[in-house]
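Biologist: Hello! I am new to this one, so could you show it to me and walk me through it?

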Amino acid sequence: MRMREVPVLEPTRVLQGKDYREVLRREMDAGKIPLSLGKRCPVKCEFCYELDHSYRETLDPPKTTQEDWEFILKYINSKPTDPLQFWCLGGNEYMEWTDLFLHPKAMEWVEDFLKYTDKNIQFFTVGFVHVPKIHRLAAQYPGRINFELSVITLGRYRQQLMPHGPSVKHVLKVLDGPAVSSANFYAFDHQTMSEDARTISRINQQCVLWMGCLTPVRGLPDSTVALMRQGREALPAEAERIYDAGLPNLMTIHTEAYVTAFLNRKRIVSLFDSLELDKKDPVVMAKSVAKILTMFRKRRARFIPVPNAMLGGDSDCTVLLTFDDIAKCVVPQGYKYIYLPKCVIESGRGPEMDIAGVTLEEFTKKTGVRVRVLHKIDTKFANTRLYRNGSLQNYVEDYVRNPLARSYEAMPLSA
Ligand code: SF4
């Protein structure tokens with residue numbers, strides 16, 4: 001059979017001819033507080049996932065002015081308040097992600113937000129906050145701030161990974177007080193994450209320790225990719241060291257997709273069973289999910305593992321699959337129809353679009369492949385339910401010390 005050619009899929013351009021206020025509105029409609037530095041992030045971390053964001057259309061607004069801020073505050077105030085919602089400081093769908101505490105007015109505007117709205121706020125930063133002020137705000141507005149501090153690492157790899165990041169001394173001051181809700185940091189080698197966990201826990205027993213390893217994606221320098229992979233190797237032993245230390249903090253491990261898929265195998269399998277597919281039905285999914293289903297439900301459907309070619313690196317995630325990735329797999333093999341998890345078309349870009357902005361209609365029109373959407377496999381299931389098993393204890397007991405995980409790791413993926 002002659003291989004069919006993969007057509008070029010065109011993303012829908014949503015920002016063409018629009019001005020930056022449209023970007024602000026779209027981000028706010030998605031629960032973001034879209035401040036802008038008006039330039040690329042000057043911190044230039046070696047691991048930054050924004051180093052190559054060419055897969056999506058962005059239009060970066062100019063540096064936020066007081067007038068822009070008043071527009072933002074008014075727009076957000078016109079939205080109903082959901083007590084469970086935390087508005088995220090910074091947009092990242094139609095603009096580029098940066099560390100917004102580098103904006104000279106950021107601290108003042110965070111205070112404005114708390115004073116002039118009744119909404120909650122969350123922010124992520126590598127630590128460029130004003131120390132007495134951030135602790136004062138946290139004490140003054142209890143429960144309304146979710147501060148996720150990106151510690152990344154305090155040890156010997158810090159200089160290589162974030163040469164322009166704040167000093168360790170400053171980060172420890174940020175941790176020392178009521179402000180930080182959760183601190184994220186990662187394994188890069190032995191005695192990295194475990195050392196950091198002990199240090200942070202000595203200073204702050206209230207914050208959640210959010211740990212794991214970082215996944216290489218396209219565009220990262222080779223030396224960083226190597227360091228991330230080295231961290232992945234060290235992660236099980238590092239996690240056991242922390243588990244055995246019995247620290248008082250709440251502790252989570254967020255690692256690569258194949259581990260998450262294994263820890264959630266029962267949920268994945270029962271959801272799959274509820275779909276009542278025929279064994280000939282072709283279903284596209286990320287490689288890790290295909291591996292779980294091959295292990296527990298062999299030949300109960302035709303599993304098509306699709307690599308995340310668009311994001312590249314070691315990405316392995318159904319939510320982040322693009323139609324281009326899927327076309328590269330299913331078109332040459334001559335599939336006439338496929339089943340598609342709904343989460344692929346629930347990206348923030350718009351209705352029935354993947355993360356790159358390509359629509360389901362464009363895919364069907366250009367490839368001739370018919371699509372049946374699996375509505376039960378939505379983003380809510382993928383993001384919320386699959387994160388439930390993310391405790392350090394669960395990772396150590398059900399993955400690191402579980403012999404079944406070794407046979408899963410050794411199993412070749414033959415779908
Ligand atoms: S501070 Fe954040 S946005 Fe800026 S380079 Fe580092 S990781 Fe990227």
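Modeller: Gladly! Helices (H or I, at least four residues) and strands (E, at least two) are DSSP runs, numbered from the N terminus. Residues are numbered from 1 along each chain as its sequence is written. This is a predicted model, in which local features need pLDDT of at least 70 and side-chain atom pairs count only at pLDDT 80 or more, while totals for chains, interfaces and linings use all residues.

Biologist: Where is arginine 299 found, and is arginine 299 buried or exposed?

Modeller: Arginine 299 is in the loop between H11 and strand S9 (302–305). A residue is buried if 20 or more other C-beta atoms, placed from the backbone, lie within 10 Å of its own, exposed if 12 or fewer, and partly exposed in between. Arginine 299 has 11 C-beta neighbours inside 10 Å, so this residue counts as exposed.

Biologist: Which strands stand at the edges of the open sheet?

Modeller: Two strands pair if DSSP finds at least two bridges between them. The open sheet has seven strands in the order S1-S2-S3-S4-S5-S6-S7, with parallel pairing. Each edge strand has a single partner, so one side of each lacks a neighbour in the sheet: these are S1 (32–33) and S7 (251–254).

Biologist: Which residues of helix H10 are buried?

Modeller: H10 spans residues 265–274. Its exposed residues, on the other side, include Lys266 and Asp273. The buried ones are Arg265, Ile268 and Phe272.
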